Amino acid sequence: MIDANLQAFLDADVALTAIVGDRIYPRNGMPSAPTYDLVTFEAESHDLPNNFSGNSGFTQSDYLVDAWSESYSSANTLSDAIRTALKNVTGSFGGINVMQVHITTGPIPTFEDSVKAYRVTQIFSIWHSEG
């Protein structure tokens, strides 16, 4: 769906890339021995809502976006930068028309023992044209 558009949008955010550089990955593309700080994202759902005359022509895509760091405070700072980058986005999003973006869940901080890093998860709902 819009995975590549989301990655391109995050990659272009100056404040976010000042923290992570080019370390923004689909969740299944996170390196096995990563350099922190980094961001991962994963589609949770893509819903095609209907209106009274059938398909609305819009899609609601929900994404889990995670801030990763070896320190709790850095993970939260990165989470804030992600929220700032995506908050109230409208218009072109890598060629797809975005009507709105809002946070539906989070931030939820956890410690991931398997990689010895803090992760702060947020779920963003992106309403966009089909594409």
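1. **The main core.** In this predicted model, the largest nonpolar core has 24 residues. Six of them have the most contacts inside it: L6, L16, V39, I82, L86 and I126. Many elements contribute. At least two residues each come from α1, α2 (14–20), β2, β5, α3, β7 and β8. Helix α3 gives the most, with 5 residues. As background, nonpolar side chains in soluble globular proteins tend to be buried together.

2. **L16 as a way in.** L16 is a good residue to click on next. Neighbours within four places in sequence are left aside here. L16 is then in contact with L10, I24, V39, L78, A81 and I82. V39 and I82 also stand with L16 among the core residues that have the most contacts.

3. **A second core.** Another core lies apart from the main one. This second core has 6 residues, including Y25, Y36, W68 and A117. Keep W68 and Y25 in mind for point 7.

4. **The sheet.** What is the order of the strands in the open sheet? The 6 strands run β1-β2-β5-β8-β7-β6, and the pairing is mixed. The edges are β1 (24–26) and β6 (91–93), each of which pairs on one side only. From one strand to the next, the twist averages 30 degrees. In general, strands of a sheet pair through backbone hydrogen bonds, either parallel or antiparallel.

5. **Strand by strand.** Start at the β1 edge. β1 and β2 are parallel, with 3 bridges. There P26 has F41 of β2 as its bridge partner. Next, β2 and β5 run antiparallel and are joined by 9 bridges. D47 is bridged to Q60 in β5. Then comes β5 (residues 58–69) against β8 (residues 117–129), antiparallel again, with 12 bridges. One bridge there links S69 to Y118 of β8.

6. **Helices on the sheet.** Helix α1 (residues 3–11) lies across β1, β2 (38–47), β5, β6, β7 (96–112) and β8. The direction of α1 is at about 170 degrees to β1. Helix α3 (residues 72–86) packs on the sheet too, where it touches β2, β5, β6, β7 and β8. The angle between α3 and β8 is about 10 degrees. Which residues of α1 are buried? Among the buried ones are N5, L6 and L10. Seen down the axis of α1, the buried residues fall within an arc of 130 degrees, so they line one face of the helix. L6 also belongs to the main core, as one of the residues with the most contacts there.

7. **T40, a buried polar residue.** T40 sits in strand β2. Is T40 buried or exposed? T40 is buried, because its relative accessible area is 0%, against a cut-off of under 20% for buried. With neighbours within four places set aside, T40 is in contact with Y25, R27, M30, L64, V65, D66 and W68. One of these, R27, is 13 residues away along the chain, yet the two C-alpha atoms are separated by 4.9 Å. W68 adds a polar contact of 2.9 Å, side chain to side chain. Y25 and W68 are also among the members of the second core.

8. **H128, a similar check.** H128 belongs to strand β8. H128 is buried, with a relative accessible area of 0%. The side chains of H128 and S61 make a polar contact of 2.7 Å.

9. **The β1–β2 loop.** Two residues deserve a look here. P34 is in the loop between β1 and β2 and is buried, at 15% relative accessible area. P34 is 11 residues from R23 in sequence, and their C-alpha atoms are 8.8 Å apart. D37 is in the loop between β1 and β2 as well. A cis peptide bond joins Y36 to D37, with omega about 0 degrees.

10. **Other backbone points to inspect.** Another cis peptide bond runs from G106 to P107, with omega near 5 degrees. P107 lies in strand β7. N88 is not a glycine, yet has a positive phi of about 60 degrees. N88 is in the loop between α3 and β6 and is exposed, at 57% relative accessible area. K116, also not a glycine, has a positive phi near 55 degrees. The place of K116 is the loop between β7 and β8.

Methods:
Residues numbered from 1 in each chain as written. Predicted model: local features only at pLDDT ≥ 70, side-chain atom pairs only at ≥ 80, totals over all residues. Heavy atoms only, no water. Pairing = 2+ DSSP bridges. Helix = DSSP H or I, 4+ residues; strand = E, 2+ residues; numbered from the N terminus. Axes fitted to C-alpha atoms, helices over the stretch in contact; angles between N-to-C directions. Contact = heavy atoms within 4.5 Å. Core = buried A, V, L, I, M, F, W, Y, C linked by side-chain atoms within 4.5 Å. Buried < 20%, exposed > 50% of the residue type's maximum accessible area, 1.4 Å probe, protein only. Polar contact = N/O pair within 3.5 Å; in protein donor to acceptor, adjacent residues only side chain to side chain. Arc of directions from axis to C-beta.
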